[in-house]
Amino acid sequence: MRLREYFFPTLREDPAEAEIPSHRLLLRGGFVRQVAAGVYTFMPLGRRVLAKVEAIVREEMDRQGSLEILMPALHPRDLWERAGRWQEYGPLMFRLKDRAGREYCLAPTHEELVTATVAAEISSYRQLPLILYQIQTKFRDELRPRFGLLRAREFIMKDAYSFDRDEEGLKESYSRMVEAYTRIFRRCGLEFRMVEAVAGEIGGDVNHEFMALAEAGEDIFVSCPSCGYAANVEAATTAEPHDVGPGSQRLEEVPTPGVFRVEEVASLLDVPTSQVLKCMLYAAEGGPVAVLVPGDREVVEAKLARALGPVRLLGEADFEAEPNLVPGFAGPVGLEGVRVLADRWVRAGRDWVTGANRPGFHLRGANLGRDFQVDGWVDVAGVKEGDPCPRCSSPLGLQKAIEVGHVFQLGTRYSEPFRATFTDERGEERPVVMGCYGIGVSRILTAVVEQHRDERGIVWPPALAPFHVVVLPLNLRDPAVAAASERVYAELGREGLEVALDDRDASAGVKFADADLVGFPVQVILGRKVAEGRAEVKIRATGERLDVSLGEVGWAVRRSLAACGLALTLGQPAGEGEGALLH
RNA sequence: CGGGAAGUGGCGCAGCUUGGUUAGCGCGCAGCGUUCGGGACGCUGAGGUCGGGGGUUCGAAUCCCCCCUUCCCGACCA
């Protein structure tokens, strides 16, 4: 591609709206442009990178025997009513009506449609297993779109769905998808971890997230450096805390007017926040529940919901109806008519400071057994850095990450309502056992750029770079340089490389800056030394420069690409196209 | 949804407090010339409903009201 004829409007300055590095660089490099909050156009360069990711995804999905389909984004309401998700999905779903007033949504995911599709066609165990996937646009009216492609409202997703005869088959399909995902993210050059996760509204039991390590990430996972345990904070747990037994302080009431935040209470009474017993009041099935956690931990609602079913934090209206519940000053001592559940970490403390169930007062010296009882123990508190690993008790670490993939074992959550059944060997009708598997294809660009960049711009892994190599004739008025650049451009193209020729009438500085910003893995620099028959081949990632003769450029470029991880057939020139690339 | 910030040529910004000639600056863009190994220089030039609507005023980018959009923080942790 001759860049004079290409379209990649680079920006010299950072766009005002971009906050995180990947968003800034993708905008500056001319890869994407914003259309509205969380809505983006992929410009030619961005589209090329996206196509590379898609190609990798396809290859690896196909390798596992899954089959590509393409489903629509526009879904009728009744499809979503069948598994109850028209309601459940809530405001996250874009909804619209046609001219006749019929209701539709722009699909945020495709469990319903794919299950309905398969239900209509599957009738025998002989047709199973089956894994279908698509790469398609999803719509989610996010609470807060942000950070460019990271949390977009319209985005590209690869979603796959497996259909098996039984649990055992599901596990086999699941492990195939885990294998595919592992290969995909590796080929994309991502540093990532597979972690235990929570299923959310999709449902199902076993599920894992693929987390790309990144400071800009919105997720946090815990991991154990010694045994490999890893889990999203929403699913993570710890080894059983040490039970320190009851303390010896006398129970006394202390006035704390207007002070109810844990930090404020702790500093007023001069105790660590870990000695404040936080009492959160929730509405749950069967009435209000008080949840106790140490003041230096949060209640993780995802964990609470797993223990109790759907919960809702009590609001003002609830407190008006139940005058014995005092927001801000709630505590387990003398709390009547409420189920009291304590997190396991409450065993690790004593002589608690806690609410007195009386506005403006706290208790100090509260001890379990003597002063209050609990109706049950739960695991709902957030994990903290250094907590003991649930498997081996080593100190856990916390890391920020971008969720790039999520795999679920769904079971029959969708196949039952959609009557996706088959007849087994014994002639019995059974529901298919399903799994679903998602990859944020466009989000991968964000994750990759977050991990592969420097102060000058993007450093694409060669497998994703929009072009493998850029040829930079620094002075096109010099006939020798111009001629050499044409020869090198043609030669590299003949070798099957994706090559860009920067034949723009721009200064050397502009060409260097744009080449670094866009992130071509290799640059061929043709300057004064062309007169002596020499060129420079520079590796973007390392800055390493090879001084080579013009005849050696092809060899040096291939060597450089191989050095930064692109598998090529070295040696003999290949034909046109990408045949030379092995991946 | 709550809080904050911001919308002025393609991009980044100033001007607004204290209303008053043709609304500026840098970058980019076009033409010509000189340059040509890290975002070159000179000259000439084009390009703006000042987010939208309403109001105040002799006069509004500037003051008032309503709306829209974008970005950031938070979204109930007692």
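**Packing of helices H2 and H10 and pairing of strand E8**

Helices H2 and H10 are roughly perpendicular to each other, because their axes cross at roughly 115° and angles of 65 to 115 degrees fall in that class. The model is predicted. H2 covers residues 44-63, and H10 covers residues 441-451. Their axes come within 9 Å. The crossing of H2 and H10 is right-handed.

The contact draws on both helices. H2 contributes Val49, Leu50, Val53, Glu54 and Val57. H10 contributes Val441, Ser442, Ile444 and Leu445. By class, the residues of this contact divide into seven nonpolar, one polar and one charged. The charged residue is Glu54 of H2. The polar residue is Ser442 of H10.

Strand E8 spans residues 154-164. Nine of its 11 residues are buried, so E8 is largely enclosed by the rest of the structure. Burial here requires 20 or more other C-beta atoms within 10 Å of the residue's own.

E8 pairs with strand E7 and with strand E24. E7, residues 130-139, runs antiparallel to E8, and 10 bridges join the two. One of the bridge pairs links Phe139 to Glu154 in E8. E24, residues 433-440, also pairs with E8 in the antiparallel sense, over eight bridges. Here Tyr161 has Cys436 in E24 as its bridge partner.

Notes
Residues are numbered from 1 along each chain as its sequence is written. Chains are lettered from A and ligands numbered from 1 in the order in which they are written. This is a predicted model: local features need pLDDT of at least 70, side-chain atom pairs count only at pLDDT 80 or more; totals for chains, interfaces and linings use all residues. A residue is buried if 20 or more other C-beta atoms lie within 10 Å of its own, exposed if 12 or fewer, and partly exposed in between; C-beta atoms are placed from the backbone. Helices (H or I, at least four residues) and strands (E, at least two) are DSSP runs, numbered from the N terminus. Two strands pair if DSSP finds at least two bridges between them. Axes are lines fitted to C-alpha atoms, for helices over the stretch in contact, and angles run from 0 to 180 degrees between N-to-C directions. Angles under 35 degrees count as roughly parallel, over 145 as roughly antiparallel, 65 to 115 as roughly perpendicular and the rest as oblique. A crossing is left-handed if the near helix is turned anticlockwise from the far one by less than a right angle, and right-handed if clockwise. Two residues are in contact if their C-beta atoms, placed from the backbone, lie within 7 Å.
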